[in-house]
Amino acid sequence: MSFNSWQFLIFLPVVVILHWVLPKKYRWVMLLLASYLFYMSWNPWLIFLIVFTTGVSFMSGLLMEMYDSKKVRKACMIVTVVCCLGVLFFYKYFLFIVNSVIDIANLGGRNIAEFSIDIILPVGISFYTFQTLSYVIDVYRGRIKAERHLGYYALFVTYFPQLVAGPIERPENLLPQLKADRKLDSKDLCDGFRIALVGFFKKVVIADGVAAIVNGVYNNIGAATGLTVIVATVLFAIQIYCDFSGYTDIAVGVARMMGIKLCDNFNRPYLATSIRDFWRRWHISLTAWFTDYVYIPLGGNRCKAWRWAINVMIVFLLSGMWHGASWTFIVWGGIHGVYQIIGRLKSAGLKKLESKGKIRIVDNTATLMLRRVITFALVCFAWIFFRSNSLSDCGVAVAKIFTDWAGSRAALSALGFNVIYLVRVCLMCGVLALSYNMIKSDAAHNVKLSGGMLAARFVTYGFMLMAVAVAWVSVYVTGSGASAFIYFQF
């Protein structure tokens, strides 16, 4: 059951109504059952994986709190990490690693056939695995107390709005809210609906609207030209942002309807002025997870420069691998690691020159805009590796950009990219930016709106609702079916 399916349109209002109608002591039961039903709609048998990781991490937390012995606590933590990561490794990385070893062996002249077994990748396994690991590690560190109510803990792991694609919640944020006696608030209902509407608009109108051209280029990269690769890559930057942040908005909005506030996961990442700034704005919950549980334990930046560079590369290579069992994702992560290292060296060099009076660093509107353009270009270059179907396709795409520009106009026309299409994409992105500013201004300033502002909100959200409805109906009329969210594979 995906957020953009007709089944979810029935499921959601039923759950929200039951949530507010039932007494507090029964809400967690209903939400847990609803969350299990939501996940089982993809494959009923995979629910046992969540039950397993939930049970192991819950018992581990209790045992660590029962015993003061550091050895016992560490053993419990290690067992849980091995079990949770073991499940993740088998389902997501086992075939990739085995076949990578076979490929390396075949480079030496062997002729070993590719290994293949039927393994179904559980939806959202990377997200709920990291969520359980954060709980166990935080209990081990003494940052939080172990949860003694199995039902509430199971709900923390499987809470359906953020179960499949995040944000990756921390126990100290979500668990207290699940246990609190929440009161029905019309503002939460309205805010939740508006945030979810923006998410649906991002996904079914913008992301799915540009997907055809992106897929047309990247699924047939040999026929592409340099210009079509650039256009498709920029459109993919729009697609993946609207697809992933759209899911987050829907998750945040749905949770808000039930009085629960999930953490922020995006903050206008394409306005970043550096790659470091980009990762403060993009997939914030994952960045924070790797920072707290990998980067800082490795030593962070409180070490020599060479060691810091290794720490950064480890984090970004792991981040790339987290996104998928493919060398394209690993290379993508490595590129961002290199970006970070070069960025630090550049900043250190500029500060040294400034201290000697040789240059003067000025942050005005022009320089900030230039830095944003450069950062966006670097991010888009890395997206080529993220979106390509194989490393060989990556090489072809990059080569096309620098060598093959013949027939670009005809190729774009064949893909359906024209002035009208460009205007439509710009219009949709403009509406999205307007709605984003409205939500942010409403959250920051609790003031009474003028008639003109209310009318602008009515027109904007009315347009978005109509666009979502038209896009949704057209999908089912044509029989193409709802498209999956990109991050469902992670």
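**Salt bridges and a cavity in a predicted model**

Colleague: Does Asp208 count as buried, partly exposed or exposed?

Modeller: Asp208 is partly exposed, because its relative accessible area is 26% and the buried class ends under 20%. Please note that this is a predicted model.

Colleague: Which residue forms a salt bridge with Asp208?

Modeller: The partner is Lys203, with the closest N and O atoms 3.1 Å apart. Lys203 counts as buried, at 1% relative accessibility. Elsewhere, shared partners join the salt bridges of Asp138, Arg143 and Glu172 into one network.

Colleague: How many salt bridges does the whole structure contain?

Modeller: The search finds 13. One of them pairs Glu172 with Arg143 at 3.5 Å, N to O. This pair links distant parts of the chain, 29 residues apart: Glu172 belongs to helix H8, and Arg143 to the loop between helices H5 and H6. Glu172 is partly exposed at 36%, and Arg143 is partly exposed at 44%.

Colleague: Where do Lys187 and Asp191 lie?

Modeller: Both are in helix H9, 4 residues apart, about one turn of the helix. Their closest N and O atoms are 2.6 Å apart in a salt bridge. Lys187 is partly exposed at 44%, whereas Asp191 is buried at 11%.

Colleague: How should one read the largest cavity, and which residues line it?

Modeller: One may consider its volume, then its lining. The volume is about 50 Å³. The lining includes Trp28, Tyr152 and Arg182, and it divides into 6 nonpolar, no polar and 4 charged residues. Helix H2 gives the largest share, 4 residues; H2, H6 and H8 each supply at least two.

Terms used:
Residues are numbered from 1 along each chain as its sequence is written. This is a predicted model: local features need pLDDT of at least 70, side-chain atom pairs count only at pLDDT 80 or more; totals for chains, interfaces and linings use all residues. Side-chain values use heavy atoms; hydrogens and water are left out. On a 1 Å grid over the protein atoms alone, a cavity is a set of points where a 1.4 Å probe fits but cannot get out, and a pocket is an open set with protein on both sides within 12 Å along at least five of seven lines; lining residues have an atom within 4 Å of a point. Grid points are joined across faces, edges and corners, and a volume is the space filled by probe spheres set on the points. Ala, Val, Leu, Ile, Met, Phe, Trp, Tyr, Cys and Pro count as nonpolar, Asp, Glu, Lys and Arg as charged, and the others, Gly among them, as polar. A salt bridge is a side-chain nitrogen of Lys or Arg within 4 Å of a carboxyl oxygen of Asp or Glu. Buried means under 20% relative accessible area, exposed over 50%, partly exposed in between (1.4 Å probe, protein chains only).
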